[in-house]
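Me: I should like a close look at one part of this protein, namely its interior. Please describe the nonpolar cores and the cavities, and then relate the neighbouring elements to them.

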Amino acid sequence: PVGGVLFMIEEASSFYKQELFFRATFATTLNCVMLFLILTPLNGGDFPVNEYKIGALQAKGVCDFGKITTLGSYNILDIALFAILGVLMGLFAALFNHTNKLLTQWRQKYVTNPSRRMAEAVVVAIVTATVCFVCSYSDAWCADIDNLNIGKHASDYLSSFNCAEGQYNEAATLFLQQLDRTVAALVHTEDPDTFSATTLLLYFVIVWGLACWTYGIAIPSGLFIPSIAIGAVGGRLFGLVVSQSLYKHIFDDVNSNHHHVQACALVGGAAFLGGTTRMTVSIVMISLSTIEDYAFLVPIMVGILSAKLTGDAFNEGLYDIHIKLQGITTFLEHEPTCLSRRTKRSLVASDLMVQPVVLQVVESCAVITRILATTRYNGFPVVDDRGLFRGTILRSQLSVMLLERQRSQQTERDEFLSHSDFLQYYPRFPRVKDLPPNEDIDGCMLDLEHVLNGSALTVTSDTHAHRVYRLFRHLGVRHLPVLTPRGAVWQQGAAHEVVGIITRKDLHTLESEET
C-alpha cells in the first residue's frame, strides 16, 4: 500500500490534496486486503473464515522474492561499486527509453488500425515464446545442482527443464519461468557459478530487446517486473565480473564473506527500474517490500539515484515519454527545461497565450452551439457589451444550459438554473451531438450572468512564465485568461480586457516551440 501511494504522488499527480492522499491510501490498503483474501487459499492457506477456525492471511502479494538470508554485509567500497552499477543501469535504461520511443513513433505512423495492432501483439507473443523456448532447449545449459554451494531454499527456484535428475538448466531458469521467480533465482543463489556469464549476457540482450518491443503494444504489458528482471541479470553479471576479478585477486581477504552476485542483482534490478521510470522513493519502498530486508536500504538508494541522474542526462522517463507521445495534457512536469535556462530571455504570459474564444454575457444559442462544435476548449472568457472581462464559464455549463433551454421551450431569456440542475448531469454532461439543432433554438438568447465564475483566476500579460506554470501545476488550473487594463496603467478598480488565454496544452508545447 505504501509503495502504491508513493507511486501516485511521485509519478501520477501534478497536484494533490490531503483528501486525495487519504483516498489513495484507503484504496491501496483495501486492494491489498482483497488480494490476500484471494491468494491465501490459492497458496495453500486456510480460507479466512471456515467452519473450524479463522484462517490467517498468508499471502504476501503477487510479486514477492522472499527474504534473502545469505545476502551478507557491505562496506564503503561496495557502495562505490553499487554507484558504478547504478550508472551502468542508467545508461542501458536511457537507451531502452530512447529505443522504445522510436518504436512507439513508428507504431503511431504505421500500426494504426485495430487489425494491425492485434497482428503486432500476436507476432510479439509468438516471437517471445519461440525465442525463450529455443534458447532453453539445449542440454548444454544443464549443470549438476550438487556442485553448487547453495541452500535447499535457493535450489527450489532452479528449473530442471530438459535435464537429467539432479541437474538444473541455467537458461530455462531464466527464460521459462515467471519473471518474479527468475528474479528470485538471481537474488537467492549465492554461488557465483550458478549462472555463467554467457547465460546472463544472452538473457540480458534478448529480454532487453523483447521488453523494449513489447512495451507499448495493444496489450496491458507491465514495466516493473520486466525492468527488475533485466536489471537483476545485468547486476548479477556485473557482480560476477567484480567477484571474479576485483575481489578475488585484489581484495580477497577483505570481502571473502560477501555475496556480491546477490547484492548486485538486487541493486541492479532496482536501479534499472529507477532508470526507466526516473522514480526514486516509491521504487525504494517497493524493492524493499519484495525482499523483506531493510538492511540494504542504502545500497538500493545509491543504485537508484545513480541510475536516475545518469538517465536524466540523456532523456526523460518512459512514462513521461509516452504521455507526451499520446498528447495527454493532464500531467505537467515539475519544470520545463526552457524555463530553467538562464541564457534564454524571460518568458511571460503573452509568449504563452493564444487568441481567446470570447462569449458575450447575453449570447445567441446558435453562436454558443457553433463554438462548442468547432472548438475543444473547456472554458471560455465572458465579456460585457463594452468588451470588459466579467468572468469565465465552462463548456459543461454551456451544454447544460442549451439542453435545458430546449426543454423549457422558452423564447425569452433563460431562467435561472440552480446548482442542482447542473449536478444532475454530472459526470456525463451533454455532448455536442446531444445538443438541439439550430432550427430548434433559432433566435433564442442565453443570459450567462448567473452562471459564470466572476472570481476566476487570471494573470496579466506580463506575468512571468514561472508563475503561470506553477498556477497550472499546483492549483490544477485547466485554462487561464490573460488580461490587460483598459488604459495606460493599472489602477484600483480599472476595467480589464481579455487579450488571450493559456491552456495546459499550450504549456505542453512550450518546450518544443522554444527548442
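Reply: The account below takes the cores first, then the cavities, the sheet, and finally some individual residues and a helix.

The model is a predicted one. Its largest nonpolar core holds 68 residues, and those that touch the most other members are F96, F175, L186, L200 and I230. Helix α10, which spans residues 260-277, supplies the largest share of this core, with 10 residues. As a general tendency, nonpolar side chains in soluble globular proteins are buried together.

I230 shows what such a position looks like in detail. Neighbours within four places in sequence aside, I230 is in contact with F96, F204, V207, W208, A211 and F272. A second core, separate from the largest one, has 23 residues; V361, V382, F422 and C444 are among them.

The cavities come next. Over the whole structure, two cavities of 30 Å³ or more are found. The volume of the largest cavity is about 80 Å³. Its lining consists of F65, V183, V187, I228, A232, A265, L266, G269, A270, S287, T290 and I291. Two or more lining residues come from each of α7 (179-188), α9 (224-249), α10 and α11 (281-291). The greatest contribution is that of α10, with four residues. Helix α10 thus appears twice in this account: it gives the largest share of the largest core, and it gives the most to the lining of the largest cavity.

V382, named above as a member of the second core, leads to the sheet. Three strands are arranged as an open sheet in the order β3-β5-β6, with mixed pairing. The edge strands, β3 (359-360) and β6 (389-394), each pair on one side only. Between β5 (residues 379-383) and β6 the pairing is antiparallel and extends over five bridges. V382 has G391 of β6 as its bridge partner.

Two loop residues offer a contrast in exposure. T463 lies in the loop between β8 (459-460) and α18 (465-475). T463 counts as buried because its relative accessible area is 11%, below the 20% limit for that class. A polar contact of 2.9 Å joins the side chain of T463 to the side chain of T460. Beyond four places in sequence, T463 touches L347, V348, A349 and V468.

L457 is located in the loop between β7 (445-447) and β8. With 38% relative accessibility, L457 is classed as partly exposed, since that class lies between 20% and 50%. Its contacts, apart from neighbours within four places in sequence, are L471, L475, V477, L480 and P481. L457 and L471 are 14 residues apart along the chain, and their C-alpha atoms are separated by 9.2 Å.

Helix α13 closes the description. This helix covers residues 318-325 and is mostly covered, six of its eight residues being buried. The buried residues in α13 are L318, Y319, I321, H322, I323 and L325. In an α-helix there are 3.6 residues a turn, so residues three or four places apart point the same way. Just after α13, G327 adopts a positive phi of about 70°.

Definitions and conventions:
Residues are numbered from 1 along each chain as its sequence is written. Side-chain values use heavy atoms; hydrogens and water are left out. Buried means under 20% relative accessible area, exposed over 50%, partly exposed in between (1.4 Å probe, protein chains only). A polar contact is a pair of N or O atoms within 3.5 Å; within protein, one must be able to donate a hydrogen and the other to accept it, and residues adjacent in sequence count only if both atoms are side-chain atoms. Contact means heavy atoms within 4.5 Å. A nonpolar core is a set of buried Ala, Val, Leu, Ile, Met, Phe, Trp, Tyr and Cys residues joined through side-chain atoms within 4.5 Å. Two strands pair if DSSP finds at least two bridges between them. On a 1 Å grid over the protein atoms alone, a cavity is a set of points where a 1.4 Å probe fits but cannot get out, and a pocket is an open set with protein on both sides within 12 Å along at least five of seven lines; lining residues have an atom within 4 Å of a point. Grid points are joined across faces, edges and corners, and a volume is the space filled by probe spheres set on the points.
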